[in-house]
Amino acid sequence: MSNPRLLTLDTNDQLLDIPATPPSDQRNNNNHHHLNNIGSNNLLTTSLIIASWYFSNIGVLLLNKYLLSFYGYRYPIFLTMLHMLSCAAYSYAAINLLQIVPFQQIHSKKQFLKIFALSAIFCFSVVCGNTSLRYLPVSFNQAIGATTPFFTAIFAFLITCKKETAEVYLALLPVVLGIVVSTNSEPLFHLFGFLVCVGSTAGRALKSVVQGIILTSEAEKLHSMNLLLYMAPLAALILLPFTLYIEGNVFAITLEKAKSDPFIVFLLIGNATVAYLVNLTNFLVTKHTSALTLQVLGNAKAAVAAVVSVLIFKNPVTMMGMTGFGITIMGVVLYSEAKKRSKGASH
């Protein structure tokens, strides 16, 4: 009787064998194993999300480069419009069907106009970025893109008169110095490609500053996924007249291309899907880690994307170019640290 068994009856009058309660030390061990399982599951989930973030961010760059430079699909505005339509469709499914985040409505005409303005800046930045990939290697494109903090500091000062600490401004010097070194030693330098890439980087910085200003009130704040749901279709509408005017009858050209080579359909759908995954994984990384982790990953991504693109596309690189890129990345890291310290001091 030291280890009693309880017998009870179920609805079918079958005997159920219920074991005795385990001793307390065994229960503690079970709890410990359970917590370990939860911890390892969380670690696995976070690792998969970070891997997906790298895959989508670098994947969309490489696919854009392949389509626009190597495959010969020279329609960056139409490609960007496809990205926007894809983001609109996937965002609708993610929010309204899968309910990843609660749906938020636009409450006023003023809020709508603010989102429209953001969409226009977003369009400019993405189109310039995609266009630059026609003319520049991914490695140089990423080196220029890494200077975003420099433009953010300039726009924050010009628009909001926000002054940073001397340490933050000093950290921006290597960011600029690195890109000057890289530009002077880039074997595949193209002036137009360089200018539109700088425009894309400036546009990205302007969007972040403007977004911080115009969507600050609690009533107007939108979750990043909801903001994308509204911005993407507006961006597609803005791009439509431009693609028709600049790129001609691109719809008919794409259909003709699809008839002779169906692989283009797979490339365009895959490319547009990965473009949405960039936004989804940005949100998931921030949710499962922090905004700071996303910033650190972004710093590393430029270097990883540059290395991967050189391995795949075999574009020539110089030691001076790599040194310049390294100086820029170091500057971005120093800038992030200086910003963190200045925020800590202000609090």
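This text walks through the salt bridges, a pocket, two loop residues and a surface patch of the structure. The model is a predicted one.

Begin with the charged pairs. Side chains of opposite charge can pair when their charged atoms come close. A search of the whole structure finds 5 salt bridges. Three of the pairs are described here, starting with K162 and E164. Their side chains meet in a salt bridge, at 3.7 Å from N to O. The two partners differ in exposure. K162 is partly exposed, with a relative accessible area of 40%. E164 is buried, at 14% relative accessible area, because buried means under 20%.

E164 also has another partner. Its side chain meets that of K339 in a salt bridge, with 2.9 Å from N to O. Where do E164 and K339 sit along the chain? E164 lies in the loop between helix 5 (148-160) and helix 6 (166-184), while K339 belongs to helix 12 (residues 319-346). The pair is 175 residues apart in sequence, so it ties together distant parts of the chain. Both E164 and K339 are buried. Taken together, K162, E164 and K339 are linked in a network of salt bridges.

Stay with helix 12 for the next pair. E337 forms a salt bridge with K340, and their closest N and O atoms are 3.3 Å apart. Here the partners share one element. E337 and K340 both lie in helix 12, 3 residues apart, which is about one turn of the helix. How accessible are they? E337 is partly exposed, with a relative accessible area of 33%. K340 is also partly exposed, at 39% relative accessibility.

Now turn to a pocket. The second largest pocket has a volume of about 270 Å³. It is lined by 17 residues, and the closest to its centre are S139, V317, G321, M322 and F325. Which helices supply at least two residues each to this lining? They include helix 4 (138-145), helix 11 (291-313) and helix 12. By class, the lining of the second largest pocket has 10 nonpolar, 6 polar and 1 charged residues.

Two loop residues come next. Q99 has a positive phi of about 55°, although it is not a glycine. Q99 is placed in the loop between helix 2 (76-97) and helix 3 (109-135). Is Q99 buried or exposed? At 59% relative accessibility, Q99 counts as exposed, because the cut-off for exposed is over 50%.

K314 also has a positive phi. The value for K314 is near 60°, again in a residue other than glycine. K314 sits in the loop between helix 11 and helix 12. Those two helices both contribute to the lining of the second largest pocket. K314 counts as exposed, with 63% relative accessibility.

The last stop is on the surface. I154, F157, L158, I159, Y169 and I213 form a nonpolar patch there. Together these residues have about 520 Å² of accessible area. Which helix gives the largest share of the nonpolar patch? Helix 5 does, with 4 residues. F157 is found in helix 5. At 39% relative accessibility, F157 counts as partly exposed. Helix 5 has appeared before: the loop that holds E164 lies between helix 5 and helix 6.

Methods: Residues numbered from 1 in each chain as written. Predicted model: local features only at pLDDT ≥ 70, side-chain atom pairs only at ≥ 80, totals over all residues. Heavy atoms only, no water. Salt bridge = Lys/Arg side-chain N within 4 Å of Asp/Glu carboxyl O. Buried < 20%, exposed > 50% of the residue type's maximum accessible area, 1.4 Å probe, protein only. 1 Å grid on protein atoms, 1.4 Å probe; cavity = no way out; pocket = protein on both sides within 12 Å on 5 of 7 lines; lining within 4 Å. Points joined across faces, edges and corners; volume = space filled by probe spheres on them. Nonpolar A, V, L, I, M, F, W, Y, C, P; charged D, E, K, R; others polar. Patch = residues over 30% accessible without salt bridge, like charges linked within 9 Å, V, L, I, M, F, W, Y side chains within 5 Å. Areas by Shrake-Rupley, 256 points an atom, 1.4 Å probe, with all protein chains shown as cover.
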